[in-house]
Amino acid sequence: MTTPKTLVIRPISQDDKQVLREGFERLSDRSRYQRFLSPQERLSASELRYLTEIDHHDHEALVAIDPDTNQGVGVARYVRSKTDPKVAELAVTVVDDWQGQGVGGRLAAALADRARVEAITSFTALVLADNELMLNLLRHLGQVRVVHSELGTVELTIDLPETGLGQLRRLLGAIARGEIVPFGRRAGHFI
């Protein structure tokens, strides 16, 4: 991993639709497929509204901006569960040319801080059931629980440490690489 460049990490705003659209266009077909679990050529106007017009309480998103180019290079978001207010679905996406430079971890750490402020204590993720490498990794993280298993996937709940990310950093890196798909992505709600 190379030394990460300086980034501006800030809450997403409704004015970031173009930043998100351009960032999506910088994702490879493979990255798009891993994020949405289906081919996705573009973000619709309604998806862009959903992804940028948020309340910053039950739905939070942080965007990483390269200050040299003003381009978005990543986004991390959570959406609070409607059935359990202490749980949130998690998504981290980093454009391909910035992957492996610590962007996902930095975004995730900032998002975890926001989640704690909002009394969120755990994140939910969806793992392909045949991904033994990731399932073994998750078993070593500690407070990871299998919640549900069906149709070739395993839904997990990962407890958020009281401070920082702890072992969660490894999990979030796997999510950013598309090796683990956060639960809410099944419906194509995240980027």
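Author: Welcome! Let's start with one term: a helix here is a DSSP run of H or I with at least four residues, and helices are numbered from the N terminus. Keep in mind that the model above is predicted.

Reader: What follows helix 4?

Author: Ala119 comes after helix 4, and its phi is positive, near 65°. This residue sits in the loop between helix 4 and strand 5 (122-128).

Reader: What makes helix 4 long enough to be called a helix?

Author: A helix needs at least four residues, and helix 4, residues 103-117, has 15. That satisfies the definition, so the name applies.

Reader: How does the reach of helix 4 compare with what is expected?

Author: From first C-alpha to last, helix 4 reaches 22 Å, close to the 21 Å expected at 1.5 Å a residue.

Reader: Which residues of helix 4 are buried?

Author: They are Val103, Gly104, Gly105, Leu107, Ala108, Leu111, Ala112 and Ala115.

Reader: Back to the residue after that helix. Why does Ala119 count as partly exposed?

Author: Buried means under 20% relative accessible area and exposed means over 50%, with partly exposed in between. Ala119 has 44% relative accessibility, so it counts as partly exposed.

Reader: And how do you know whether His56 is buried, partly exposed or exposed?

Author: The steps are alike: at 25%, His56 lies between the 20% and 50% limits, so it is partly exposed. You can find His56 in the loop between helix 3 (45-52) and strand 2. Its phi is near 60°, a positive value in a residue other than glycine.

Reader: What about Leu156, buried or exposed?

Author: Leu156 has a relative accessible area of 2%, which is under 20%, so it is called buried. This leucine lies in strand 7, residues 153-159. Leu156 and Phe123 are 33 residues apart in sequence, and their C-alpha atoms are 8.4 Å apart in space.

Reader: Which residues of helix 3 are buried?

Author: Leu48, Leu51 and Thr52 are buried in helix 3. Seen down the helix axis, they fall within an arc of 85°, so they line one face of helix 3. Their cover includes helix 1 and strand 3.

Reader: Which residues of helix 1 are buried, and where do they lie around the axis?

Author: In helix 1, residues 17-25, the buried residues are Val19, Leu20, Gly23 and Phe24. They cover an arc of only 130° around the axis, which puts them on the same side of helix 1.

Reader: Why are strand 2 and strand 3 said to pair?

Author: Two strands pair if DSSP finds at least two bridges between them. Strand 2 (residues 59-66) and strand 3 have eight, in the antiparallel sense, so they pair. One example is His59, whose bridge partner in strand 3 is Val79. The hairpin of these two strands has four residues between them, and there Asn70 takes a positive phi near 65°.

Reader: How do you know that strand 3 and strand 4 pair?

Author: Seven bridges join them, and at least two are needed, so these antiparallel strands pair as well. Ala76 stands opposite Val92 in strand 4. A hairpin of six residues joins strand 3 to strand 4.

Reader: What makes strand 3 mostly covered?

Author: Nine of the ten residues in strand 3 are buried.

Reader: Where is Ser81, and what makes its link to Thr83 a polar contact?

Author: Ser81 is in the loop between strand 3 (71-80) and strand 4 (87-94). A polar contact needs N or O atoms within 3.5 Å, with one able to donate a hydrogen and the other to accept it. The side chains of Ser81 and Thr83 are joined at 3.1 Å, which is within that limit, so the name fits. Leaving aside residues up to four places away in sequence, Ser81 touches Val87 and Ala88.

Reader: How many helices and strands does the chain have, and how much of it is buried?

Author: The chain has six helices and seven strands. Of its 191 residues, 50% are buried. Among contacts with a separation of 6 or more, 69% come from residues 24 or more positions apart.

Methods. Residues are numbered from 1 along each chain as its sequence is written. This is a predicted model: local features need pLDDT of at least 70, side-chain atom pairs count only at pLDDT 80 or more; totals for chains, interfaces and linings use all residues. Side-chain values use heavy atoms; hydrogens and water are left out. Contact means heavy atoms within 4.5 Å. The expected span of a helix is 1.5 Å times one less than its number of residues. Buried means under 20% relative accessible area, exposed over 50%, partly exposed in between (1.4 Å probe, protein chains only). The arc is that of the directions from the helix axis to the C-beta atoms.
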